[in-house]
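Student: Hey, could you walk me through this one? I'd like to start with how far to trust it and then look at the inside.

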Amino acid sequence: MLTIHPRVMATGALCLASLLSQGQVALASGFQLREQSTEGLGNAFAGSAAKAQDLSTIFYNPAGMTLLDGNAAQNDVTYIMPTATFTGSATRNPAVGGAKTGSSTGGDAGVDAPLGAFYAMMSVSPDLKLGLAVNTPFGLETDYDSDWVGRYQALRSKLMTLDITPSVAYRVNNHLSIGGGLNFQYISATLTNAIDNRLAGRASDGEAKVKGEDWGAGVNLGAMYEFSPTSRVGLNYRSRVQHELEGTLSYTNVVNAGALSRLLTSDATAKVTTPDIVSLGAYHELSPKWAVMGELQYTNWSLFDHLTVDAENGTDSYVNEDWKDTYFVSLGATYKPGEKWKLQTGIGYDMSPVPEAHRTARIPDQDRLWLSLGGGYQLTPNVSLAAAYTHIFVRDADINETTSFGTLTGSYSNAVDIVSANLKASF
């Protein structure tokens, strides 16, 4: 979102606020990324807080390390293929006649992207484990054609986080394990959009670019309770991480006159907080061959009530976001046809935190349904492989976004395909 202010003097700063308040296209709630585990993806992340069947438990519930033996390392690679196609039209600001901005609908705004995760664990003793997780829990990237009708609302948007989480787990007794870690989080953002120079008397477009980055810190806490060796529940809490991004606003071919005279290259800051996440998982083996699992996750997205951007030049900006808290729920099953093989499936439902009144071209977020398949193979006693596939069905997302440059009206059709593979080695 550029701005809802009648003037455009704060456009660049509000672009930064809009980028940081939006989410990954149709991938997860808000800008949350769940894809930290191939094994988890195979069950649509059902039971992730309770399964503890590979090293990704360091992320989903560090207490689960007490269920794993020895020393090990694991690498997961996930390839995400989102599609986001727009149908509709846009008109210019009434001050320059309100004409349509063209006919191009922008192509597929979804950007295919790889996502990696690395885990390592050391067993100090059977009851005390040390772990390390390096992954990307939040992110987005969308890219429209340069001449599309909504170019004044958005062209390119990219947000990336990197989390480094050293962790420890301890088995208190035969039933209870606890774990936790410090979460060091880096965030960076880049955003571009076109500027309508007609507001200053010129027909050609200019371009605005916003960049910002910051480091923050939080905690990841978990507990695991085992009713028996084949039945357990897990509870995990990932804290909010507060950031104050330091960014720059830069402009190319923008007319410094009239209504655009305050669009000056400037330093800017924006306070952004990634949300608290609470997960409850359950895992139960019906037999040596069959297991079922479930997950309920709450994300405190209502932290995005508003965003304020402080610009060194120009005017400070306030954007009302009014996001809502969300829930993710999933169920899964695993079948082991033999000693070395396992097959997985899962289904999940993921709520969007973005109210329709605040939906923007940056990220046309909507509720979605996950369907997943996966499998694993024990290659040797110390090496295992896994692979998984998910298709995400996304509800159509209507949009009616008004900025200082005009109004974008229409609907988005979104979907996501995800493939993932991992390698785990014990030593």
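**Confidence, cavities and cores**

Tutor: Sure! This is a predicted model, with a mean pLDDT of 89 for the protein and 90% of its residues at 70 or more.

Student: Where does the pLDDT drop below 50?

Tutor: Over residues 1-27, a stretch that still has 125 contacts in the model beyond near neighbours in sequence. Where pLDDT is low, the predicted coordinates should not be read in detail.

Student: Okay, on to the holes. How many cavities of 30 Å³ or more are there?

Tutor: A search of the whole structure finds four. The largest cavity holds about 200 Å³ of space.

Student: Which residues lie nearest the centre of that largest cavity?

Tutor: Gln32, Phe59, Tyr60, Ser279 and Gln297, out of 16 lining residues. The elements giving two or more residues to this lining are α3 (57-60), β8 (231-238), β11 (277-285) and β12 (290-299). By class, the lining of the largest cavity has eight nonpolar, five polar and three charged residues.

Student: And the largest pocket, what's its volume?

Tutor: About 700 Å³. It has 30 lining residues, with Gln53, Lys342, Gln378, Ser384 and Lys424 the closest to its centre. Two or more lining residues come from each of β11, β16 (341-350), β17 (368-380), β18 (383-394) and β20.

Student: How does the lining of the largest pocket divide by class?

Tutor: Into eleven nonpolar, eight polar and eleven charged residues.

Student: Switching topic: which residues touch the most other members in the largest nonpolar core?

Tutor: Trp148, Ala361, Leu408 and Tyr412, in a core of 28 residues. Strands that each supply at least two residues of this core include β1 (72-92), β6 (176-196), β7 (205-228) and β20 (406-426). Apart from it lies another core, of 24 residues, with Ile58, Tyr119, Ala169 and Ile418 among them.

Student: Back to Ala361, what does it touch?

Tutor: Leaving out residues up to four places away in sequence, Ala361 touches Tyr144, Trp148, Gln153, Ala154, Ile399, Glu401, Leu408 and Tyr412.

Student: Last thing, the backbone. What is the phi of Ala44?

Tutor: It is positive, about 55°, although Ala44 is not a glycine. Most residues other than glycine have a negative phi. Phe45 also has a positive phi, near 65°.

Student: Where does Ala44 lie?

Tutor: In the loop between α2 (38-42) and α3, and Phe45 lies in the loop between α2 and α3 too.

Student: Are Ala44 and Phe45 buried or exposed?

Tutor: Ala44 is buried, with a relative accessible area of 0%, and Phe45 is buried at 3%.

Definitions and conventions. Residues numbered from 1 in each chain as written. Predicted model: local features only at pLDDT ≥ 70, side-chain atom pairs only at ≥ 80, totals over all residues. Heavy atoms only, no water. 1 Å grid on protein atoms, 1.4 Å probe; cavity = no way out; pocket = protein on both sides within 12 Å on 5 of 7 lines; lining within 4 Å. Points joined across faces, edges and corners; volume = space filled by probe spheres on them. Helix = DSSP H or I, 4+ residues; strand = E, 2+ residues; numbered from the N terminus. Nonpolar A, V, L, I, M, F, W, Y, C, P; charged D, E, K, R; others polar. Core = buried A, V, L, I, M, F, W, Y, C linked by side-chain atoms within 4.5 Å. Buried < 20%, exposed > 50% of the residue type's maximum accessible area, 1.4 Å probe, protein only. Contact = heavy atoms within 4.5 Å. pLDDT = per-residue confidence, 0-100.
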